[in-house]
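Hi,

Here is the structure I promised to pass on. Have a look at it first, and then read my notes below.

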Amino acid sequence: MDAAKQVYDFMNNARVFFLATVEGDQPRVRVYGATLYFENSLYIMAMNHTNAIDQLKANPKAEIAAFKGKQLRLTCKLVEDKRQEVKEAMVAKMPSLKAMGGDNYENCIMLKVTEATATISERAGHRDTYTF
């Protein structure tokens, strides 16, 4: 299984993850839950016109953390993928997003995880590291 798929599986099973961005010199953290594995890549979905999107446009570096018996820490860049088929794949996975997405899902922003290093660690100290 490739690295992006292993990280996706962990995040998808955790259901909730925390996204950290930077605003000037201040870290900003918020809760997200929409993940997608599409064309061998990991994506997260955000809503358009949010502070997080503005911060990522200014600086695409981000960190993601999740917990499900083990801890995931992911350092990456998040790059917008404007293709309609990515948005449609996200809505197919999570139909509840259709109502808030708009007619052509223009309210949804699909962010591709790039330049990623992820560590999944156990309390006992064992850790697995993935890059993609």
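Start on the surface: Val-16, Phe-18, Val-29 and Val-31 make up a nonpolar patch there, with a combined accessible area of about 350 Å². Keep in mind that this is a predicted model. If you want to find Val-16, look in the loop between H1 and E1. Its relative accessible area is 39%, so Val-16 counts as partly exposed.

Now go inside. In soluble globular proteins, nonpolar side chains tend to be buried together. Here, the largest nonpolar core has 29 residues, and the ones touching the most other members are Val-7, Met-11, Ile-44, Leu-72, Leu-74, Leu-78 and Leu-111. Several elements each supply at least two residues of this core, among them helix H1 (3-14), helix H2 (51-58) and strand E7 (108-121). There is also a second, separate core of 13 residues, which includes Tyr-43, Met-45, Leu-97 and Cys-108.

Try clicking on Val-7. What is Val-7 in contact with, leaving aside its neighbours within four places in sequence? You should find Leu-42, Leu-72, Leu-74, Ala-118, Tyr-130 and Phe-132.

Next, the cysteines. How many disulfides does the structure hold? Zero. A disulfide is a covalent bond between the sulfur atoms of two cysteines. The closest cysteine sulfur to that of Cys-76 is in Cys-108, and because the two are 19 Å apart, they are too far for a bond. Both residues are buried: Cys-76 has a relative accessible area of 4%, and Cys-108 has one of 2%.

Last, the charged side chains. A search of the whole structure turns up seven salt bridges. One of them pairs Asp-9 with Lys-5, with the closest N and O atoms 2.7 Å apart. Both of these residues sit in helix H1, four residues apart, which is about one turn of the helix. Lys-5 is partly exposed, at 26% relative accessible area.

Arg-83 is worth a look too. It forms a salt bridge with Asp-81 (3.0 Å, N to O), and Glu-85 also bridges to Arg-83, with the closest N and O atoms 3.6 Å apart. Buried or partly exposed: which is Asp-81? With 11% relative accessibility, Asp-81 counts as buried, whereas Arg-83 is partly exposed at 29% and Glu-85 is partly exposed at 38%. Through shared partners, salt bridges link Glu-39, Asp-81, Arg-83 and Glu-85 into one network.

Cheers

Notes: Residues numbered from 1 in each chain as written. Predicted model: local features only at pLDDT ≥ 70, side-chain atom pairs only at ≥ 80, totals over all residues. Heavy atoms only, no water. Core = buried A, V, L, I, M, F, W, Y, C linked by side-chain atoms within 4.5 Å. Buried < 20%, exposed > 50% of the residue type's maximum accessible area, 1.4 Å probe, protein only. Contact = heavy atoms within 4.5 Å. Patch = residues over 30% accessible without salt bridge, like charges linked within 9 Å, V, L, I, M, F, W, Y side chains within 5 Å. Areas by Shrake-Rupley, 256 points an atom, 1.4 Å probe, with all protein chains shown as cover. Salt bridge = Lys/Arg side-chain N within 4 Å of Asp/Glu carboxyl O. Disulfide = S-S within 2.5 Å.
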